[in-house]
Amino acid sequence: MATPLMQIDKTATAVAHCKRGNGLIKINGCPLDLLEPEILKAKVYEPIYLLGKDRFSNVDIRVRVEGGGNVSQIYAIRQAIAKAIVAFYQKYVDEAAKKEIKDILVHYDRTLLVADPRRCEPKKFGGAGARARYQKSYR
């Protein structure tokens with residue numbers, strides 16, 4: 001009955017399990033209120049504010065996040081929560097409600113549902129980085 005959804009942002013990975021419940025949202029076993037850093041907590045609350053608490057009142061979401069830095073983890077969490085609620089509504093409610101939720105989220109910020117595919121380019125030989133080359137000397 002749980003709907004697991006995985007989201008990778010940079011190197012942070014968040015997996016959200018969404019099931020019927022009474023509105024609990026936990027990240028790595030801790031409530032959403034204890035999330036750090038404090039200033040980025042609003043980013044995680046965005047899907048909840050957009051969709052309203054009534055849509056989250058009948059589901060429990062457990063998010064497991066690892067890797068990356070603070071900011072990367074926050075963005076992975078918010079995306080996992082948004083994707084989990086869409087998948088839950090598709091599987092257990094109806095397609096019209098899912099489409100309505102999806103439209104609200106995409107209209108606000110597309111990165112709530114669509115992952116950013118950019119990754120770090122690997123270093124090559126002959127230079128200090130991926131594109132930089134060692135200086136050439138003629139004399």
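Which side chains meet in a salt bridge at 2.7 Å, N to O? They are those of Asp-116 and Arg-118, a salt bridge being a side-chain nitrogen of Lys or Arg within 4 Å of a carboxyl oxygen of Asp or Glu. The model is predicted, so local features need pLDDT of at least 70 and side-chain atom pairs count only at pLDDT 80 or more, while totals for chains, interfaces and linings use all residues. Residues are numbered from 1 along each chain as its sequence is written, and side-chain values use heavy atoms, with hydrogens and water left out.

Asp-116 is partly exposed, with a relative accessible area of 27%, whereas Arg-118 is exposed at 64% (buried means under 20% relative accessible area, exposed over 50%, partly exposed in between; 1.4 Å probe, protein chains only). Elsewhere, salt bridges that share partners join Lys-43, Glu-46, Arg-78 and Asp-109 into one network. The whole structure holds 10 salt bridges.

Within that network, Arg-78 and Glu-46 meet through their side chains at 2.3 Å, N to O. Arg-78 belongs to helix α3 and Glu-46 to helix α1, so the pair ties together parts that are 32 residues apart in sequence (helices are DSSP runs of H or I with at least four residues, strands are runs of E with at least two, numbered from the N terminus). Both Arg-78 and Glu-46 are buried. Another salt bridge links Lys-99 with Asp-103, whose closest N and O atoms are 3.6 Å apart. These two are 4 residues apart in helix α4, separated by about one helical turn, and Asp-103 is partly exposed at 43% relative accessibility.

Turning to the interior, the largest nonpolar core has 34 residues (a set of buried Ala, Val, Leu, Ile, Met, Phe, Trp, Tyr and Cys residues joined through side-chain atoms within 4.5 Å). Phe-56, Ile-61, Val-63, Ile-77, Ile-81, Ile-85 and Leu-105 touch the most other members. β2 (12-20), β3, α1, β5 (59-66), α3 (70-92) and α4 (95-108) each supply at least two residues of this core, and the largest share, 11 residues, comes from α3. Leaving aside residues up to four places away in sequence, Ile-81 touches Ile-25, Val-44, Pro-47, Phe-56, Ile-61 and Val-63, contact meaning heavy atoms within 4.5 Å.

Finally, the lining of the largest pocket divides into 7 nonpolar, 2 polar and 3 charged residues (Ala, Val, Leu, Ile, Met, Phe, Trp, Tyr, Cys and Pro count as nonpolar, Asp, Glu, Lys and Arg as charged, and the others, Gly among them, as polar). A pocket is an open set of points on a 1 Å grid over the protein atoms alone, where a 1.4 Å probe fits, with protein on both sides within 12 Å along at least five of seven lines; lining residues have an atom within 4 Å of a point.
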